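Me: I would like to go through the labels attached to this model and see what each one rests on. Please set each value against its cut-off.

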Amino acid sequence: MFDELRIAEQFSAHERIVLFHGDCLELLHSIPDQSIQLIVTSPPYNLGKEYERKLKLETYLEQQAKVISECVRVLRDNGSICWQVGNYVDNGSIIPLDSVLYPIFSDLRLKMRNRIIWHFEHGLHCSRRFSGRYETIMWFTKSNDFVFKLDPIRVPQKYPGKRYFKGPRAGEYSCNPLGKNPGDLWVIPNVKNNHVEKTEHPCQFPVELIERLVLSMTNEGDSVFDPFMGTGTSIIAAIRHERKGIGSEVFEKYIAIAKERIQQTLEGTLKTRPMDRPVYDPIRAGNSLSVSPWSQTSKAQSQDLFAAESKTPAN
Ligand SMILES: C[S@@+](CC[C@H](N)C(=O)[O-])C[C@H]1O[C@@H](n2cnc3c(N)ncnc32)[C@H](O)[C@@H]1O
């Protein structure tokens, strides 16, 4: 069995946690075929962020294709790949990266299971187009026989008290008591400055986003791999749920942050936003900043809205 607390620097099937400092292709070349259950990542978007050099789109896609093809090699037959992306922006014109990456996956005969919309409320305010408030997760499997479990990730039913009103089960509750399928539109806060998980990395994804994928697409003891690991979010989501976590990152400062966060996870001190916490609603919370200083009537209006909402059943 593996040493529970060790963070290894090279891949070995016997290690629980591997953080490789270097190019993901180098790490991938050391991983045997069919050894990973879930590959989940958010690659650079070719925007010229501090951790990437902006390339011609074709060159960027060629590089992605090399990494994706190696990922398919190391993926188990019943495994999944989740590629989380946003837009590439060229001179004010957007190109959704999922649309240009999709052919790479389909040429490798992967099967798309969902294109999950991850909606969040904070980000840049655009003045010449609508502000971007979603990104996507492309979920692919290698075969039709793949691991997928809904029960660990069900969300509360809208009408848990609903009953069958006719037929042989009339009068019985009609909903699954464990909750419902979360659907393919996920509303999860992104990691901005006031998020509990924020580090100095400009593009972290939230742990709860990856926990949902880990819990539904892997079993305990399985390996989860993130080729573009950044601050180690995928590794944290994996080891929290008794999976193995493997990642690569070229920048030393992000490796250092990942190590620290993983160490805190092992010690049980890392603060994360829980998966079952509803999105903060400043009006419901009575936050005084939600009252417009420019409108005399806004306070009265929001109080009226509240009163009306508490009387009407949820729609
Ligand atoms: C979008 S960020 C991922 C952030 C990560 N999801 C998190 O939660 O922190 C992409 C990361 O990939 C790293 N990266 C870029 N090219 C790489 C390569 N060839 N191999 C490994 N890491 C790379 C960048 O330094 C950056 O930290």
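Reply: The model is a predicted one, and the exchange below takes its sheet, core, helix 5, ligand shell and two loop residues in turn.

Me: What makes strand 1 and strand 8 the edge strands?

Reply: The open sheet holds eight strands in the order 1-10-9-2-3-7-6-8, with mixed pairing. Strand 1 (17-21) and strand 8 (185-187) each pair on one side only. On average, neighbouring strands of this sheet are turned by 15° against each other, direction ignored.

Me: How do you know that strand 1 and strand 10 pair?

Reply: Pairing requires at least two bridges. Strand 1 and strand 10 (residues 244-249) have five, in the parallel sense, so the requirement is met. Leu19 has Gly247 in strand 10 as its bridge partner.

Me: What joins strand 7 to strand 3, and what joins it to strand 6?

Reply: Strand 3 (residues 75-85) and strand 7 run antiparallel and are joined by six bridges; Ile81 is matched with Phe140 of strand 7. Strand 6 (residues 111-119) and strand 7 are also antiparallel, over eight bridges, with Trp139 of strand 7 as the bridge partner of Asn114. Both counts satisfy the minimum of two bridges.

Me: Why is strand 7 called mostly covered?

Reply: A residue is buried if 20 or more other C-beta atoms lie within 10 Å of its own. Seven of the eight residues of strand 7 (residues 134-141) are buried, so the strand is mostly covered.

Me: Which residues touch the most other members of the largest nonpolar core?

Reply: That core has 53 residues, and Leu38, Ile39, Cys71, Ile81, Ile210, Val214 and Ile235 touch the most other members. Helix 4 (residues 207-217) gives the largest share, six residues. Beyond its neighbours within four places in sequence, Leu38 has contacts that include Gly79, Leu213, Val214 and Val224.

Me: What makes helix 5 mostly covered, and what covers it?

Reply: Seven of the eight residues of helix 5 are buried: Thr233, Ser234, Ile235, Ile236, Ala237, Ala238 and Ile239. The cover includes strand 1, strand 2, helix 4, strand 9, strand 10 and helix 6. Helix 5 (residues 233-240) lies across strand 1, strand 2 (36-41), strand 9 (223-226) and strand 10, at about 170° to strand 10. Helix 6 (residues 252-267) lies across strand 1 and strand 10, at about 165° to strand 1.

Me: Which residues come nearest the ligand, and how does its shell divide?

Reply: Of the 19 residues around the ligand, Tyr51, Phe228, Gly230, Thr231 and Thr233 come nearest. The shell divides into nine nonpolar, seven polar and three charged residues.

Me: Why is Glu242 called partly exposed?

Reply: Glu242 has 13 C-beta neighbours inside 10 Å. Exposed means 12 or fewer and buried means 20 or more, so Glu242 falls in between and is partly exposed. Glu242 is found in the loop between helix 5 and strand 10, and its phi is positive, near 60°.

Me: How do you know that Gln34 is partly exposed, and what is its phi?

Reply: Gln34 has 14 other C-beta atoms within 10 Å, which again lies between the two cut-offs, so it is partly exposed. Its phi is near 55°, a positive value in a residue other than glycine. Most residues other than glycine have a negative phi. Gln34 sits in the loop between helix 1 (24-29) and strand 2.

Terms used
Residues numbered from 1 in each chain as written. Predicted model: local features only at pLDDT ≥ 70, side-chain atom pairs only at ≥ 80, totals over all residues. Helix = DSSP H or I, 4+ residues; strand = E, 2+ residues; numbered from the N terminus. Axes fitted to C-alpha atoms, helices over the stretch in contact; angles between N-to-C directions. Contact = placed C-beta atoms within 7 Å. Core = buried A, V, L, I, M, F, W, Y, C linked by C-beta atoms within 7 Å. Near = placed C-beta within 6 Å. Nonpolar A, V, L, I, M, F, W, Y, C, P; charged D, E, K, R; others polar.
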